[in-house]
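Please open the model in a viewer and keep the sequence panel beside it. The tour proceeds by selection, with a note on what each selection shows.

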Amino acid sequence: MIEVPSYFRWQDLLDILVVAFIIHQLISIIRGTRSVQMVLGLGILTIVYFLAKIFDLSALMWLMQTFLSSILLIVIIVFQQDIRRALTQVGKSPFQKTMDVADKDLDEIIRSVFYLSKRRIGALIVIERETGLQDYVESGFDLNAKLSKELLISIFMPVSPLHDGGVIIHKGKVQSAGCILPLTQNPYINKKYGTRHRAAIGISEETDAVVLVVSEETQEISVVRHGALTTVSDEISLSNSLRAIFIPKEGNINSWKTWF
């Protein structure tokens, strides 16, 4: 039987588990992004520092010490997007589930994107969930209008002054149009994707929003979540995908009530 050292407290085990969880979450956040290369770069520089110390290379050690003395500031600057995304994840409540998009709203959105796709008209629709998008709402034109297929189509018509940028939907309303969204910095994104798709991936990397993209070149319709892009082939597939996200099953809604 394994004996536990007397100096090992239960707080130490809790401490290890919490740190392991934080490291796991950080790896999940930066996985597949440019930050991975940056972490490797910092790791290599740290190894260089210790090698310089072992072989007593004074000039190189001075240079590395100067660099590493500002490491905290460097990390904040280099990883500011990832830090912002991590803090957003921390601030989300596991008990808070969005029900702001009604079934009929999804129908309006689905019918509009397929209408636009058949006519080779590009579109970028962002559906807000738990993470607020006010910063991006303010970058566009405030509408606060009732969500409808006709309104979405008219916004993305090439002759419309609002067709550039994204539309943000909030609580069943078209909150804003022509919004400027952050572009993804992921170097592994397929080169065939242009600015619209990169903006869709970018906003989904920083928030939990669900984004719909219509390609005017290929007529493809894609659902973007958490930086991942999935192409849908027909209305049924898109409907099933969105309803699985936004329309919780009745059992899930009421399950917490049984705790009391």
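Begin by selecting H197, R198, A199, A200, I201, G202, I203, S204, E205 and E206, the buried residues of helix α9; buried denotes under 20% relative accessible area, exposed over 50%, and partly exposed the range in between, computed with a 1.4 Å probe on protein chains only. The model is predicted, so local features need pLDDT of at least 70 and side-chain atom pairs count only at pLDDT 80 or more, whereas totals for chains, interfaces and linings use all residues. Residues are numbered from 1 along each chain as its sequence is written, and side-chain values use heavy atoms, with hydrogens and water left out.

**Helix α9 and the sheet**

Extend the selection to the whole of α9, residues 195-206. Helices (H or I, at least four residues) and strands (E, at least two) are DSSP runs numbered from the N terminus. Because 10 of the 12 residues of α9 are buried, the helix is largely enclosed by the rest of the structure. The end C-alpha atoms of α9 are 16 Å apart, in agreement with the 16 Å expected for 12 residues at 1.5 Å a residue; the expected span is 1.5 Å times one less than the number of residues.

Which strands does α9 lie across? They are β1, β5, β6 (221-225) and β7, and the helix runs at about 175° to β5. Axes here are lines fitted to C-alpha atoms, for helices over the stretch in contact, and angles run from 0 to 180 degrees between N-to-C directions.

Next, display the strands. The seven form an open sheet in the order β2-β4-β3-β1-β5-β6-β7, with mixed pairing; two strands pair if DSSP finds at least two bridges between them. At the edges stand β2 (141-146) and β7 (228-232), each with a single partner strand, so one side of each has no neighbour in the sheet. From one strand to the next, the twist averages 25°.

**Strand β5 and its partners**

Select β5, residues 210-214. Five of its five residues are buried. V210, L212 and V214 point one way from the strand, and V211 and V213 point the other way. In a regular strand, side chains alternate between the two faces of the sheet.

Add β1 (residues 123-127), which runs antiparallel to β5 and is joined to it by five bridges. I127 has V210 as its bridge partner, and L124 stands opposite V213.

Now turn to β6, which pairs with β5 in the antiparallel sense over four bridges. Here the bridge partner of V214 is I221. The hairpin of β5 and β6 has six residues between the strands, and Q219 in this hairpin takes a positive phi near 65°.

**Helix α6 and its two neighbours**

Select α6 (residues 103-118) together with α10 (residues 235-246): their axes come within 10 Å and cross at roughly 145°. The crossing is right-handed, meaning that the near helix is turned clockwise from the far one by less than a right angle, whereas anticlockwise would be left-handed. D103, L106, D107, I110, V113 and F114 of α6 make the contact with E235, L238, S239, L242, R243 and F246 of α10, contact being heavy atoms within 4.5 Å. These residues divide into seven nonpolar, one polar and four charged. Ala, Val, Leu, Ile, Met, Phe, Trp, Tyr, Cys and Pro count as nonpolar, Asp, Glu, Lys and Arg as charged, and the others, Gly among them, as polar.

Replace α10 with α8 (residues 149-156), whose axis comes within 8 Å of that of α6 and crosses it at roughly 35°. This crossing is also right-handed. On α6, select E108, I109, R111, S112, Y115 and L116; on α8, select K149, E150, L152, I153 and F156, which they meet. By class, six of the contact residues are nonpolar, one is polar and four are charged.

**Three loop residues**

Select L162, in the loop between α8 and β3 (166-170). With 18% relative accessibility, L162 counts as buried. Apart from residues up to four places away in sequence, L162 touches F141, L143, I155, A177 and G178.

Move to R120 in the loop between α6 and β1, where phi is near 55°, a positive value in a residue other than glycine. R120 is partly exposed, at 45% relative accessibility.

End at K171, in the loop between β3 and β4 (173-179). Its phi is positive, near 50°, and at 53% relative accessibility K171 counts as exposed.
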